[in-house]
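Subject: Structure for your review

Dear colleague,

Please find below the structure I am handing over to you, followed by a short account of what was found in it. I would be grateful if you could read the two side by side.

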Amino acid sequence: MAKERDPARDVLLVEGARIGWAASGRNGGFCDASLTHGKINGREKFPNEYDTLHRLGLENLAELEKTVTEYGIDCDFHRSSTIGVATRPYQVEMLKASSLPGVLDRDQIRAEVDSPTYLGGIVQDEGKALVDPAGLAWGLADAAERLGVRIVEDTPVTGLRRRGQHMVVDTPGGEIHTRHVALGTNAFPSLLKRNALATIPVYDYALMTEPLSAEQMAAVGWRNRQGMSDLANQFHYYRLTADNRILWGGYDAIYNFGGRVRRHHDQRPETFTKLAEHFFTTFPQLEGLSFSHRWGGAIDTCSRFCAFYGTAYSGQVAYALGYTGLGVGATRFGANVMLDLLAGTPTERTSLRLTTTRPVPFPPEPIAWAAIQATRLSLNRADDNEGRRNLWLRTLDRFGVGFDS
Ligand SMILES: Cc1cc2nc3c(=O)[nH]c(=O)nc-3n(C[C@H](O)[C@H](O)[C@H](O)COP(=O)(O)OP(=O)(O)OC[C@H]3O[C@@H](n4cnc5c(N)ncnc54)[C@H](O)[C@@H]3O)c2cc1C
């Protein structure tokens, strides 16, 4: 996007490992228009500008779709409705009471996708797409290179400094001198001290099945291939891939003491076992189907569940982070905000409360770990207790902060 705005600009993308190896290449592939981690969170945190955020989110998704088409990116991007399924009676009551459009009863949802655990559901059509995330990340990198962007991989940035009019970007291979820096470091340690406690890495895990046979597909229905998730606090998300595998992820959201991103956290056998059990409870008709892939990855959770933005070094450095679990579409908006901020000309995007306010930071250790465990336990209890939130969760709600994936 930096090149598209100004083809004469020299753009260098510096990647510490490989393009798409982190969250962007291993996420669930739900590409949502929401810039606020969903409508409920957006309306709660930004009530006065939610309608604008909704419009900007739809525009952002349409632009992403246009990019995919124009650059011929092979990533199975397609608009698709999503279904939130109720698996507990209190969730059915909540849906009925919501008077929202798209509510399905038990028979209607089971006619779409068949699971004995489904009691009802809600279909959402607007602003929803599914994508092969690694295909998108690699395709965007190819498109950027075709526009003249230089990409260097295996080059971790170790620090930022200003020298004269320029920023100096330190790497093990040497210094990079530049006028402007846009930081998209996601769940990895921030290169700016001010952001050190603003996000925490939360690990999310997923399984991928072998391709389903025609008989197995017939046993689940799913002819409209919607993206699915359930309505609990600790929720599963799942979808079909182009070759009829099921990607099944979510539920556990693991914070490791000290908040470190480490490769060995990408595998968590106890979570994989739990996810597999939940899968066969949902789809007992698929008993015997095996899983070909298991993985996890770090999500940059912030206490307001949606990204925040800003500048440092007198406007020469911009950052966007804190997307929590919904960054596939929103990172494009974040890139635009960073480019606006670096250009120094106010835009509609840079004048929003979304882009001018910051989340409440997390406390340092060991308080962070204890508070997050208390929150996870409370969310789990709420799921088993008809959604009722205990005093701890109600206190967090009152301050507009929390923990999510
Ligand atoms: C398992 C999982 C499932 C998810 N599911 C969904 C989903 O279905 N829908 C959705 O919208 N979102 C989902 N997310 C979140 C989404 O993937 C992220 O919000 C999004 O990909 C963030 O993109 P990014 O480019 O900011 O970060 P990343 O993809 O993490 O990329 C950041 C890159 O910066 C590099 N980097 C960091 N620090 C440095 C440094 N100092 N020097 C050099 N390079 C550095 C890293 O190596 C990394 O490659 C999921 C995430 C996970 C882990």
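How many bridges join β10 to strand β11, and in which sense do the two strands run? Five bridges join them, and the strands run antiparallel. Please note that this is a predicted model.

Strand β11 covers residues 174-178. Across this pairing, Val168 stands opposite His177 in β11. The two strands form a hairpin, with two residues between β10 and β11.

On the preceding side, strand β9 (residues 159-163) pairs with strand β10 (residues 166-171), also in the antiparallel sense and over five bridges. Here Arg162 faces Met167 of β10. β9 and β10 likewise form a hairpin with two residues between them. Gly164, which lies in that turn, has a positive phi of about 60 degrees.

The second topic is the ligand. It is surrounded by 34 residues, and the closest are Gly16, Ser24, Gly28, Gly297 and Gly327. Two or more residues of this shell come from each of α2 (23-26), β2 (30-32), β13 (200-209) and β17 (291-301).

By class, the shell around the ligand comprises 17 nonpolar, 13 polar and four charged residues. Both domain 1 (2-76 + 131-199 + 303-356) and domain 2 (82-124 + 200-301) contribute to the shell, with at least three residues from each.

Yours sincerely

Note on methods
Residues are numbered from 1 along each chain as its sequence is written. This is a predicted model: local features need pLDDT of at least 70, side-chain atom pairs count only at pLDDT 80 or more; totals for chains, interfaces and linings use all residues. A residue is near a molecule or strand if its C-beta atom, placed from the backbone, lies within 6 Å of it. Helices (H or I, at least four residues) and strands (E, at least two) are DSSP runs, numbered from the N terminus. Ala, Val, Leu, Ile, Met, Phe, Trp, Tyr, Cys and Pro count as nonpolar, Asp, Glu, Lys and Arg as charged, and the others, Gly among them, as polar. Domain bounds come from an automatic or database domain assignment. Two strands pair if DSSP finds at least two bridges between them.
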